[in-house]
Protein chains: 2
Amino acid sequence: MANKNGVQWSIRVGDGSLVVLEPEHKNRVMRLWDGLKGLVVKFAMKVWRFLKQAWDLGVDDPRKVFHCLKVGVALMVVSLFYYMRPLYDGVGGSAIWAVMTVVVVFEYTVGGTLYKCLNRICATFLAGFLALGIHWVAIHSGHRFEPYIMGISLFILASATTFSRFIPVVKARFDYGCTIFILTYSLVSVSGYRVEHLLSVAHERLSTIIIGTCLCIITSMLVFPVWAGMELHVLIPRNMDKLSKSLECCVADYFGDGDDESKKTLNGYKCVLNSKASEEAMANFARWEPAHGRFNFRHPWKNYLKVGASSRSCAYCIETLTSCLDSKNQVPESIKDHLSSACMNLSSSSSSVMKELAKIVSTMTRSATIDMAVQEMKNAVQELQNDLQSLPDLLIQPLDSQEESTTPNSPDKTELVQSEITVMPLMEVIPLVSFASLLMETASRIEESIVKAVEELADSAQFKQAEDEIKLKQNPTTSKIASEEV
Amino acid sequence: MANKNGVQWSIRVGDGSLVVLEPEHKNRVMRLWDGLKGLVVKFAMKVWRFLKQAWDLGVDDPRKVFHCLKVGVALMVVSLFYYMRPLYDGVGGSAIWAVMTVVVVFEYTVGGTLYKCLNRICATFLAGFLALGIHWVAIHSGHRFEPYIMGISLFILASATTFSRFIPVVKARFDYGCTIFILTYSLVSVSGYRVEHLLSVAHERLSTIIIGTCLCIITSMLVFPVWAGMELHVLIPRNMDKLSKSLECCVADYFGDGDDESKKTLNGYKCVLNSKASEEAMANFARWEPAHGRFNFRHPWKNYLKVGASSRSCAYCIETLTSCLDSKNQVPESIKDHLSSACMNLSSSSSSVMKELAKIVSTMTRSATIDMAVQEMKNAVQELQNDLQSLPDLLIQPLDSQEESTTPNSPDKTELVQSEITVMPLMEVIPLVSFASLLMETASRIEESIVKAVEELADSAQFKQAEDEIKLKQNPTTSKIASEEV
């Protein structure tokens, strides 16, 4: 049937009669189609966004792409054991363990890979020998007791090892080793009961694991290596730089110089707030790494964590400082102007101390100017305190002070007091006062916490002397003259 | 040779003569012995401390011990496949995969176990089918191309999957699945080239993995289950309680009531500062868990994270607040007394709001009194602001104010101004003022951030109405009378 609109939809209902579908039903079909189209578009958009995110990630840090290619290459190489007959005949069917090892052990950083490799090898050795030993005892105690001894030992060892993983020290250094220990013990003990040539099983497993781990270590260390220690070494000063920029930005914003572009810089401190977990993971991996670049085997990575922790404590302070920005408009401009230069001065000197500290850490060279910068920061604190001290004079404002202050001879005190005074409400000043005192707290945290932590790091990692200082020592007379000239 | 002291030590040197060892040498031996003894004692102490730590851990949370026993039991059960001949004949040598699955997949929380199980099963399925498909293509493109096709596909898939693990969403939900995908694909594709009965290999591996995962899921869900969702649900209000206690403690300490015992309570906020990682891990696991207790399958775990984040922002503020404790002695007692009651009041009302919020979250019941508590906190803020506002009167202290204030009629203003005034240095007050304003900032964060986050959680998780409110709705007249009586 067709009406004026062209096609007409009809449906045969239960009693056999045809019911013509009204436009409403057509609309429903259309709506279904639209909904479906919407879903497909939505899905496509999601996939597109995912791919975009992945692309950005790759562009942002090409080393991640290299890592993936490295994994692919390592897997290709290890599967050669299977593809090429001579090699295959050598290691036999257990070559599968080499493949597994590569897949499971290859990590982004060299330290991560080494951690897993060493854990895997040691745990496999240990568990293998233990299993063989207990198996020997079980065999010699008679056929009847054998499964019981093996089962009970498995139960006890598995439970104890699992429990040890809850202990923080074990968790940080040997978590993977614990898994492998249980795995190997159960595999060897269980197949020991079945397979008669147990020793050869253990030997094959070990040798293939060693092949796999060696391959991983070589690939990760020689082809575009990513050292966890180096990452940590770069991360810590970068975070300090971010803090210093945030601090400067925040104070500039408070006194009116902030623009929209600085919003991103201002929020730089946020990624320092939650950096603890990643810093600790990196330090944990770094301790497994051999000497590389400027780092010895026993480089004091723990001290980096201390610097990180003190930066974080500074970040908490800056976080509270930024929340003062909401109340910046409550403070009268006249009072703000009174403190503005001192605050700006303190923020710039604090952030230059922080930048200098970051430079010390990243160049691994002591700085000749850091003491001066800290002294400058202290002076800026003192200056701000002085300005705060003179605030009450502003608060107690004689009504005719404006005119009188223009006269060269300031009026004597009794005269000033006798003229009518107005006390500016303290409430309007409080936000500014607390902003200033938070700024001083930040400065004191930099001085007491970060500076000390960096000094400790410099001592324990034996940072180089600054070139200026070396010159000073070589040429005490000229330097003395130079310093007198200054 | 023997002298008066008993034994004498001698040594035969190069030219054959005997050199008697002087007491100094004996001392060296003794020192060596002492050093050795010291080492042994040190080692014993270390082991003892380790065991003590482990014992404390077990006593502190017996569920961790149960977890270890569960792992042991699951491993015992799965090794039965090996020990008992009939079962062994059923699944064959691949029973080893079931053992491996149990070791690798069993996690502390149900969510963690489910996450790993589902990831493992899905990834194995997907990779297995893909490997079979590509293997089929490879076979049909001729013997010469077969290894190339398999090798190149392995390279591409392994690289792409490894790269996808860097993407945060994938990392959070499918990290383990990615590893298993690469593992299975490489195992199947590599053995596909060798082993002729590939389908049966894939089938065996799948069935044993399913046996292993089922065993893990059953054990972890039925025997003393530890739900990640429940853990998160308990952790969030516990952290809020810690914050509220820290806040109260800090203010009490500032105004002189603190004792040494309160030090631990005061530092309670510290574990909130770095709770982000563990909260996120729990929320990630919780989303895999089925309905349990009072939680549905799609319980809004994300909202818990929001509450956690806002608690953390409050913790940053409290962290800065505690650093004010160092300067508490700089403030004159008279000024402190002026603000003490208002500050104590604000801290107690803020912390009672926080406690009430914690109660709402932990009981999953809306509170009828929370609005009142928030209002009380606002009033306390107002009160503190008023007290701050009257601070200048204290600062501008007429020298004879003490006597004059005792007279019933206060002197009129001009008289007061004309008497000599002393302005108390603002510097002494600043620490107190900034303490008070930090306290107000904390209160505003509680109000603006935590209260809102909890409300959102209550809405999306459909928390029950408070019993009082239900009564109110059922009995509007009586409640109206009651409220009028109040």
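This report describes how chain A and chain B are arranged in a predicted model and how they touch each other.

**Confidence**

The model scores ipTM 0.81 and pTM 0.82. In chain A the mean pLDDT is 82, and 78% of the residues reach 70 or more. The pLDDT falls below 50 over residues 1-6 of chain A, a stretch that has six contacts in the model beyond near neighbours in sequence. It is also below 50 over residues 478-486 of chain A, where one such contact is present.

**Symmetry**

A turn of 180° with a shift of 0.0 Å along the axis lays chain B on chain A with an RMSD of 0.1 Å. The two copies are therefore related as by a two-fold rotation axis. Among the residues of chain B, Ser434(B) comes closest to this axis, with its C-alpha at 2.2 Å. Both copies use the same surface, since 100% of the contact residues of chain B recur in chain A.

**Interface**

The following table lists counts for the two chains.

| Item between chain B and chain A | Value |
|---|---|
| Contact residues | 79 of chain B with 79 of chain A |
| Salt bridges | two |
| Residue pairs in polar contact, both at pLDDT 80 or more | eleven |

In one salt bridge, the side chains of Arg445(B) and Glu319(A) meet at 2.7 Å, N to O. Helix α2 (residues 62-83) of chain B supplies 13 residues, the largest share of the side that touches chain A. By class, that side of chain B has 51 nonpolar, 20 polar and eight charged residues. Together the chains bury about 7,500 Å², of which 78% lies on carbon and sulfur atoms.

Notes. Residues are numbered from 1 along each chain as its sequence is written. Chains are lettered from A and ligands numbered from 1 in the order in which they are written. Side-chain values use heavy atoms; hydrogens and water are left out. pLDDT is the predictor's confidence in each residue, from 0 to 100. Contact means heavy atoms within 4.5 Å. Copies are superposed by least squares on the C-alpha atoms of residues with pLDDT of at least 70 in both. Buried area is the accessible area (1.4 Å probe) that two parts lose on being put together, summed over both. A salt bridge is a side-chain nitrogen of Lys or Arg within 4 Å of a carboxyl oxygen of Asp or Glu. A polar contact is a pair of N or O atoms within 3.5 Å; within protein, one must be able to donate a hydrogen and the other to accept it, and residues adjacent in sequence count only if both atoms are side-chain atoms. Helices (H or I, at least four residues) and strands (E, at least two) are DSSP runs, numbered from the N terminus. Ala, Val, Leu, Ile, Met, Phe, Trp, Tyr, Cys and Pro count as nonpolar, Asp, Glu, Lys and Arg as charged, and the others, Gly among them, as polar.
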